[in-house]
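Hi everyone, thanks for coming. I'd like to walk you through a structure that's probably new to most of you, so let's get it up on the screen.

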Amino acid sequence: MLIQHLVTLACGDGFTPADTLSAIRKTVSYERLTDAEFTWILDFLEKGGKSLSAYPRYRKITLEDDRYRVIDPQISRMHRMGIGTITSNQSVQIQYTNRRKIGTIEESFASKLQKGDVFFFAGRQLEFFQMKDMVVYVKGTSKKSTVTPTWGGGNLAISDTLSTHLRREIEQSQDANTNLELTCLKPILSAQQRISHLPAVNELLIETCKTREGQHLYVYPFEGRFVHEGLGFLWGYRFARQKQATFTISVNDYGFEILAPKDYPFQELFSDDFFSLENLEADIRASLNLSELTARKFRGIAQIAGLVFKGYPSAKKTAGQLQVSSSLIYEVFSKYEPDNLLLKQAEQEVLTDQLEVHRLAKTLDRVRSLSLVWQTTKRPSPFAFPLLVERLNSRLSNESLLERIERMKQQWDGKA
């Protein structure tokens with residue numbers, strides 16, 4: 001964002017380094033900006049840094065009479081077209097095969113569709129025909145589908161405050177006088193209590209279940225998807241350090257699942273060390289493919305910093321082209337300039353925003369003081385079932401998700 005701001009100033013009357021640095025440090029976000037960091041940014045904009053100095057398009061500003069200015073009209077024009085700090089997936093048009101427009105969806109959703117797939121949009125059942133020139137062509141159909149496009153920006157994890165109230169609601173669900181929502185959930189909560197256990201506020205429920213897939217470990221901290229993603233991989237890593245195995249992790253807003261080979265001794269290996277805050281970031285880095293997560297985050301950073309041009313209005317680039325461009329720059333920085341500040345920002349955003357390491361540390365500290373309730377169930381409980389479906393939904397199959405769920409229900413009929 002600061003790089004974009006400086007180029008914006010340079011597109012106008014220009015800026016002097018000393019005065020601009022003084023003004024920037026008056027903001028909360030950059031009050032701790034060091035001289036070395038500001039010097040790196042100026043060098044990056046003026047010369048392209050260590051890695052991109054050979055390419056004129058990355059040399060954006062020039063020092064003239066103690067002021068930095070943009071002297072290349074093309075760089076100024078490209079900057080104005082790409083200005084802004086909100087990045088999102090490219091949207092594509094949905095049209096009937098007769099060219100009548102219906103609306104727009106994200107390209108990330110459209111890229112997963114195959115000819116004949118049916119999805120629900122704008123109150124209609126639509127059958128995917130083809131995608132060409134950033135337009136999705138569809139036909140009306142009577143086939144049914146439960147797939148509905150969603151915008152990636154609408155995915156919000158449970159907050160710290162909401163998770164606290166959620167745990168209280170579950171504990172209060174046993175009271176005679178409950179609210180309307182809990183009354184509707186009574187059958188599910190009753191089944192959970194019968195098959196396993198309903199955790200109180202001062203309890204952490206951990207379930208183990210053995211199926212043909214292997215040994216399942218289900219944990220319910222009720223802290224939100226992002227925290228559970230970090231916690232699931234962290235615990236998986238700490239289990240694997242004691243006994244090697246291949247794990248499959250699935251998460252949702254209520255808990256996480258670790259699927260291991262049959263007869264994996266989860267309870268025997270478990271100890272207070274799993275709540276330890278020592279070497280937390282190091283363990284997370286070891287447990288996750290941070291380079292892949294960082295590369296995805298870098299795409300948005302590269303767009304805001306002006307390293308990736310989205311294209312002119314009449315010839316916009318696809319999301320795939322943008323990803324290729326940002327991926328190439330990411331690989332160059334990773335190999336030849338590992339101390340690049342944009343790389344460090346991408347990694348830090350993964351840890352703080354996507355994995356919420358600060359909340360993960362608070363969660364470990366909170367659950368360490370709870371009473372552990374271990375339950376061994378003959379089949380996945382109502383709390384565990386959504387985690388199982390989450391994992392099934394990511395598999396390749398020629399059966400629909402509903403068909404697979406129905407088959408599992410039939411297999412479990414008669415089991416307590």
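Let me start with a small question: which residue stands opposite Leu-126 in β7? Have a look for a second. It's Gly-140 that stands opposite Leu-126. Before I go on, keep in mind that what you're seeing is a predicted model.

So, that pair of residues takes us into a sheet. The strands β6 and β7 are antiparallel, with six bridges joining them. They belong to an open sheet of five strands, and reading across it the order is β4-β3-β7-β6-β5, with mixed pairing. At the edges you find β4, residues 101-106, and β5, residues 118-121; each has a single partner strand, so one side of each has no neighbour in the sheet. If you ignore direction, neighbouring strands here are turned by 40° against each other on average.

As a quick reminder, strands of a sheet pair through backbone hydrogen bonds, and they can do that either parallel or antiparallel.

Where does the mixed pairing show up? Look at β3. On one side, β3 (residues 91-96) runs parallel to β7 (residues 135-140), and four bridges join the two. Within β7, Val-135 is the residue opposite Gln-93. Then there's β4, which runs antiparallel to β3, joined to it by five bridges. There, Ile-94 has Gly-103 in β4 as its bridge partner. β3 and β4 form a hairpin with four residues between the strands, and in that hairpin Arg-99 takes a positive phi near 80°.

Staying with backbone angles for a moment, Ala-122 is another one to click on. Its phi is positive, about 55°, although Ala-122 is not a glycine. You'll find Ala-122 in the loop between β5 and β6, the latter being residues 124-132.

Okay, on to the other sheet I want to show you. What is the order of its strands? It goes β10-β11-β9-β8-β14, so five strands in an open sheet, with mixed pairing. The edge strands are β10 and β14 (371-377), and each has a single partner strand, so one side of each is left without a neighbour in the sheet. The twist in this sheet averages 20° from one strand to the next.

Zooming in, β9 and β11 are antiparallel and pair over five bridges. One residue pair to look at is Leu-217 with its bridge partner Ile-258 in β11. And there's a helix on this part of the sheet: α8 lies across β9, β10 and β11, and runs at about 30° to β11.

Now for Phe-222, which sits in the loop between β9 and α8. Its phi is near 55°, so to speak on the positive side, in a residue other than glycine. Phe-222 also brings us to the aromatic pairs, and the structure holds 24 of those. How are the rings of Phe-222 and Tyr-254 arranged? Their centres are 6.2 Å apart and their planes are at 50°, so this pair is tilted. The two residues are 32 residues apart and link distant parts of the chain, with Tyr-254 in the loop between β10 (248-251) and β11 (256-260).

Last stop: helices. I've picked two packed pairs.

The first pair is α2, residues 17-24, and α3, residues 35-47. They pack at an angle of about 125°, with axes 12 Å apart. Are they perpendicular or oblique? At that angle, α2 and α3 are oblique to each other. The crossing where α2 passes α3 is right-handed. On the α2 side you have Pro-17, Leu-21 and Ile-24, and they meet Asp-35, Phe-38 and Leu-42 in α3. By class, that contact has five nonpolar residues, no polar ones and one charged.

The other pair is α10, residues 280-287, with α14, residues 357-368. Here the angle is about 115° and the axes are 11 Å apart, and α10 and α14 are therefore roughly perpendicular to each other. The crossing of α10 and α14 is right-handed. Leu-280, Glu-281 and Ile-284 in α10 make the contact, meeting Val-357, Leu-360, Ala-361 and Leu-364 in α14. Sorted by class, the contact of α10 with α14 has six nonpolar residues, no polar ones and one charged.

That's my tour. Happy to go back to any of these spots if you'd like another look.

Key
Residues numbered from 1 in each chain as written. Predicted model: local features only at pLDDT ≥ 70, side-chain atom pairs only at ≥ 80, totals over all residues. Heavy atoms only, no water. Axes fitted to C-alpha atoms, helices over the stretch in contact; angles between N-to-C directions. Parallel < 35°, antiparallel > 145°, perpendicular 65-115°, else oblique. Left-handed = near helix turned anticlockwise from the far one by under 90°. Contact = heavy atoms within 4.5 Å. Nonpolar A, V, L, I, M, F, W, Y, C, P; charged D, E, K, R; others polar. Pairing = 2+ DSSP bridges. Phe/Tyr/Trp six-rings, centres within 6.5 Å; stacked < 30°, edge-to-face > 60°.
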